[in-house]
Amino acid sequence: MKYKVTKKQYNSQMCLICGLENRLGMKASFYEVETGEVVALFTPREEHQSYPGRLHGGMISALLDETIERAIMVTEPDIWGVTVELTLKYRKPVPLNQPLKAIGRVTKNSRKIFEGTAEIVLDDGTVAATASGKFFKMPLSEITDAAAVAQQWQITLDEAEPETITLGKNKNNGTQ
């Protein structure tokens with residue numbers, strides 16, 4: 001099913017996952033959709049491999065971590081997540097050089113902590129990896145030099161920005 005994109009989230013310059021100027025980064029773009037979830041669109045490249053043709057497990061972990069972390073921004077745009085705990089399950093190899101999605105959501109939200117889940121979905125709808133995690137809720141000023149981040153944090157739009165993103169149930173356990 002297609003869901004309307006309600007907002008594009010910021011990219012940074014040097015983040016390993018979303019940094020647009022990090023030559024080794026994944027350059028993922030994050031979108032909020034009408035379901036209240038966050039969807040990352042990304043294409044892993046050769047620089048991100050472990051075994052030939054497969055995305056490194058550490059990159060999978062980092063991507064799922066950031067996807068869950070960004071889910072809190074849907075309802076609390078000035079709050080950032082700092083990882084307390086992250087649990088992953090690797091189900092299928094994640095291929096390189098193919099456009100993919102990671103979908104994340106908040107599953108529990110309290111005053112200081114939130115929990116969430118995310119999955120990487122292959123082009124055919126197969127769920128390749130899942131994660132669940134617990135995160136401290138913090139304003140950016142308590143995490144790092146907020147002024148430095150503000151200079152590197154931007155929304156970039158181009159002609160190919162999606163108006164809708166397809167998410168749906170399939171027989172392979174979950175979201176596509």
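Colleague: Which residues does Phe42 touch, not counting residues up to four places away in sequence?

Modeller: In this predicted model, Phe42 touches Met26, Ala28, Leu63, Gln98, Pro99, Leu100, Lys101, Ala102 and Ile120.

Colleague: And which residues touch the most other members of the largest nonpolar core?

Modeller: Phe42 and Ile120, out of 32 residues in that core. Strands S4, S5, S6, S7 and S8 and helix H1 each give two or more residues to this core. H1 supplies the largest share, six residues. There's also a second, separate core of nine residues, with Tyr3, Val33, Val39 and Leu167 among them.

Colleague: Let's move to Glu32. Where does Glu32 sit, and why is Glu32 said to have no salt bridge?

Modeller: Glu32 is in strand S3, residues 29–33. The nearest side chain of opposite charge, Lys7, is 4.3 Å away. A salt bridge has to be within 4 Å, so this pair doesn't count. Glu32 is buried all the same.

Colleague: What makes the pairing of the Glu32 and Gln9 side chains a polar contact?

Modeller: Their distance is 2.9 Å, and the cut-off is within 3.5 Å for a suitable donor and acceptor, so the pair qualifies. Glu32 also touches other residues, including Val5, Val38 and Met73.

Colleague: How do you know whether Asp124 is buried or exposed?

Modeller: Asp124 has 54% relative accessibility. Exposed means over 50%, so Asp124 counts as exposed. Asp124 lies in the loop between S7 and S8, where its side chain makes a polar contact with the side chain of Thr126 at 2.7 Å.

How values were computed:
Residues are numbered from 1 along each chain as its sequence is written. This is a predicted model: local features need pLDDT of at least 70, side-chain atom pairs count only at pLDDT 80 or more; totals for chains, interfaces and linings use all residues. Side-chain values use heavy atoms; hydrogens and water are left out. Helices (H or I, at least four residues) and strands (E, at least two) are DSSP runs, numbered from the N terminus. Buried means under 20% relative accessible area, exposed over 50%, partly exposed in between (1.4 Å probe, protein chains only). Lys and Arg count as positive and Asp and Glu as negative; His and the chain ends are not counted. Contact means heavy atoms within 4.5 Å. A nonpolar core is a set of buried Ala, Val, Leu, Ile, Met, Phe, Trp, Tyr and Cys residues joined through side-chain atoms within 4.5 Å.
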